[in-house]
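Let's take a walk through this structure together, one region at a time. Keep the view open beside you and follow along.

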Amino acid sequence: MTYAIDGWFAIEEDGVRLLGTRCADCSTVCFPPRPDSCPNPRCSGSMGAFRLPRRGRVWSYTNACYPPPAPFVAAEPYEPVTLAAVELDEVGIVVLGQVKGLTVEQLAVGMELELTSGPLADGPLVWMWGRVA
Amino acid sequence: MSVVVLGTGMHPWGKWGRPFLEYGVAAAREALRDAGVAWTDVQYVVGADTIRNGYPGFVSGASYARALGWSGARVASCYAACASGAQALDLARTRILAGLCDVALVIGADAAPKGFFTPVGGDRPDDPDWLRFRLLGATNPAYFALYARRRMALHGSTPADFAAVKVKNALAGSLNPMARYRKPVTAEEVLASPMVADPLHLMDICATSDGAAAVVLASDSYARRHTTRFVRLAAISTITPVFPHTVLDLPDFATDSSVAVPAPERPFRAAIAHAAYEEAGLGPQDVSLAEVYDLSTALELDWMEDVGLCPPGEADKLLRAGETTLGGRIPVNPSGGLASFGEAVPAQAIAQLCELTAQLMGRSGARQVAGAQVGLAATQGLFGHGSALIATAHRAS
C-alpha cells in the first residue's frame, strides 16, 4: 500500500484519517501538518500530532474536464477528476481533495461528505472525499 | 512629496514567439519616449521577474538594463507571482518617496507557455505547488471554479451572469489595440465554449499570453519640470493575509483554522484594497474606474464586492444594470481585462497602471471613462502576495 505522500493521512481499520497538527498553546489546528511552528503569529507554541475529523460539508466543488498537466498522472482513457473543498466539523478547516464515487452533477454546497481514499492513476493512494457511509 | 507616472509603454499582448526581453525593451523604450526621458537619465530600473524563461528572467532588472545598455543605474529584480508588477512599482515608488531617486523605470514582460500553468520544472515533492498537481490535479482554473460554484450557492450567480462579464470585457477589448482578443462575443458563445472546470467554460477563464508593460515614475518635483498635468501613484498596497486566512486560496490544500483565533474583520482580497484606500485617504465611493484581476469571469464579480464597489452578493445586479460597462457609473476593467489580454504574469499589474494612467489623462479614446479622477487596480499573486494600487489625476495650479 503505497501512499502518494507520507504523513498527511493514514488508512486504518476503521477508516481514513487526515493527519494534522495542533498547537499546545492556542489550540490552532493545521492541515497539511506543520510540525515546526504554530501559524498563529502571536503564538510560539509547539505543534503536536492531531487527527482531523472525518466528516464535513462541501464548501465548494468542481472537476477537471481536461487531463491536468504533469506531475499529475492522468488515467487513460481520461475521466474527469472531481474535486471538493470540504469544511471539516469542529476544526473550521476547509480541505481540498479528489472526490470518489460522485460527479459534479451529484454534489452540492453544504452536502455532507466523509474521508476515504483511492489510487492515483499510477497507483499510489491519496485521501479522497466520498459519500457518508 | 508624491510619485508621478511620467510615461507609460506597452507591447501588445498575444503569442508572438519572441523572447520576453524583446517585449520588455519595446515597452520600456515606449515609456521613456512617452515620458520624454532618456534611458541614461534613469536612476533606478526595476524588473518584475518571469520564472518560465530561464535565468535571465530571474534577474530581469539586470537583463533589461543590459538590453538597454549598461548605464550604472541602481537596479532591482523581484518576483511576487501575479503581484510582481505591483511589487516592482512599489520598490520604485518607495525609493522616490525616500528622496533617494527622482526618476525610475519599471518593466515587466513575459513569454507565456501554452495551456495550463504548470509547476516550475523538476520533481519537487516538498513544494506545495508541485503537490497540488501530483495529488489532486488541481490546476489554477480548478480554484477559480471553486470560487465560482461557491458564488452560485451563496449569491445565486448563474453561468449566464459569468458570461455577461465576458461579453462586457470582450466589447472593451475590441476597442483596445493592446489587447490580444479583440472580437466582441455573445453570451451564447461563452456558454457554448467547452467546459474546463465546472461551472467555468473555456471563455470564462483567462488565457496565458506574451506581453510587456513599462512605466517611468518620477518625483513630484522632477515631474513639475516636465509637465503641469500628471497622474499620481497615490498608493500601493502589497500585503499578506492576516491569520487565520479562511478562504481556500490558490494553490493551497487547506485553509487556516477559524476555530482557535477568530477570522479577521476583512477577508484577504478586501484587505488588499482597503490598505490602498487607507494609504491614499480615499474610499470605494471615490473610485471612477477599477481594473481587477479577472482570472475568471466569476472572480471579477467577487473582486467588485471585495474592493467595496457594492455589498457582498450584489455584483451581479450591478453588472446586469450596466453600471460596470463602458459608459456606466463605475466601469470595471475598461481595458478589456484579463478576459481580453490573457495573463502575462509580471507585466499585468504594470499594464493595469498603464490603463489607469491613460484613463486619468483622457487618452483612452473610444474606451474613455468620462471625468475619470481616481483609478483602482487590484491583483493577487498566489502564496499570499496581494496587491492593489490607486492612481489619481492632477492638474498643477
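A quick word before we start: this is a predicted model. Let's begin where chain B and chain A meet. Across that interface, twelve residue pairs are in polar contact, both partners having a pLDDT of 80 or more. Which parts of chain B do the touching? The elements that give two or more residues to the side facing chain A are helix H5 (128-136), helix H6 (140-155) and strand E5 (195-197) of chain B. H6(B) gives the most to that side, with eight residues.

Now for the overall numbers at this meeting place. Chain B brings 38 residues to the contact, and chain A brings 46 residues. Between them the two chains bury about 3400 Å², and 67% of that is on carbon and sulfur atoms. Which three residues supply the most of the area that chain B buries against chain A? They are B:Arg134, B:Leu135 and B:Leu136, which supply 20% of it, more than any other three residues.

B:Arg134 turns up again when we look at charges. The count between chain B and chain A is one salt bridge. A:Asp122 and B:Arg134 form a salt bridge, and their closest N and O atoms are 3.0 Å apart.

Let's stay in chain B but move to helix H3 (60-68). Its buried residues are B:Ser60, B:Gly61, B:Ser63, B:Tyr64, B:Ala65 and B:Leu68. What do these buried residues pack against? Their partners in chain B are helix H1 (20-35), strand E2 (44-48), H2, strand E3 (74-78) and strand E4 (103-110). Just after H3(B) comes B:Gly69, with a positive phi near 115 degrees.

Step back to the other end of H3(B) and you'll find B:Val59, in the loop between helix H2 (55-58) and helix H3 (60-68) of chain B. Is B:Val59 buried or partly exposed? Because its relative accessible area is 32%, B:Val59 counts as partly exposed. It also belongs to a nonpolar patch on the surface, together with B:Tyr55 and B:Phe58, and the three have about 310 Å² of accessible area together.

Over to chain A, where the backbone has a few details to look at. Try the loop between strand E5 (55-64) and strand E6 (81-88) of chain A, where A:Pro71 is found. The peptide bond that leads from A:Ala70 into A:Pro71 is cis, with omega near 15 degrees. A:Pro77 is also found in the loop between E5 and E6 of chain A. A cis peptide bond joins A:Glu76 to A:Pro77, this time with omega about 0 degrees.

Two more spots in chain A are worth a stop for their phi angles. A:Ser27 lies in the loop between strand E2 (15-23) and strand E3 (29-30) of chain A. Its phi is near 70 degrees, a positive value in a residue other than glycine. With a relative accessibility of 40%, A:Ser27 counts as partly exposed.

The other spot is A:Glu90, placed in the loop between E6 and strand E7 (94-99) of chain A. A:Glu90 is not a glycine either, but its phi is positive, about 75 degrees. Is A:Glu90 buried or exposed? At 67% relative accessibility, A:Glu90 counts as exposed.

Methods. Residues are numbered from 1 along each chain as its sequence is written. Chains are lettered from A and ligands numbered from 1 in the order in which they are written. This is a predicted model: local features need pLDDT of at least 70, side-chain atom pairs count only at pLDDT 80 or more; totals for chains, interfaces and linings use all residues. Side-chain values use heavy atoms; hydrogens and water are left out. Patches are made of residues with over 30% relative accessible area and no salt bridge: like charges are joined within 9 Å, nonpolar side chains (Val, Leu, Ile, Met, Phe, Trp, Tyr) within 5 Å. Accessible areas come from the Shrake-Rupley method with a 1.4 Å probe; for residues, only the protein chains shown count as cover. A salt bridge is a side-chain nitrogen of Lys or Arg within 4 Å of a carboxyl oxygen of Asp or Glu. Helices (H or I, at least four residues) and strands (E, at least two) are DSSP runs, numbered from the N terminus. Buried means under 20% relative accessible area, exposed over 50%, partly exposed in between (1.4 Å probe, protein chains only). Contact means heavy atoms within 4.5 Å. Buried area is the accessible area (1.4 Å probe) that two parts lose on being put together, summed over both. A polar contact is a pair of N or O atoms within 3.5 Å; within protein, one must be able to donate a hydrogen and the other to accept it, and residues adjacent in sequence count only if both atoms are side-chain atoms.
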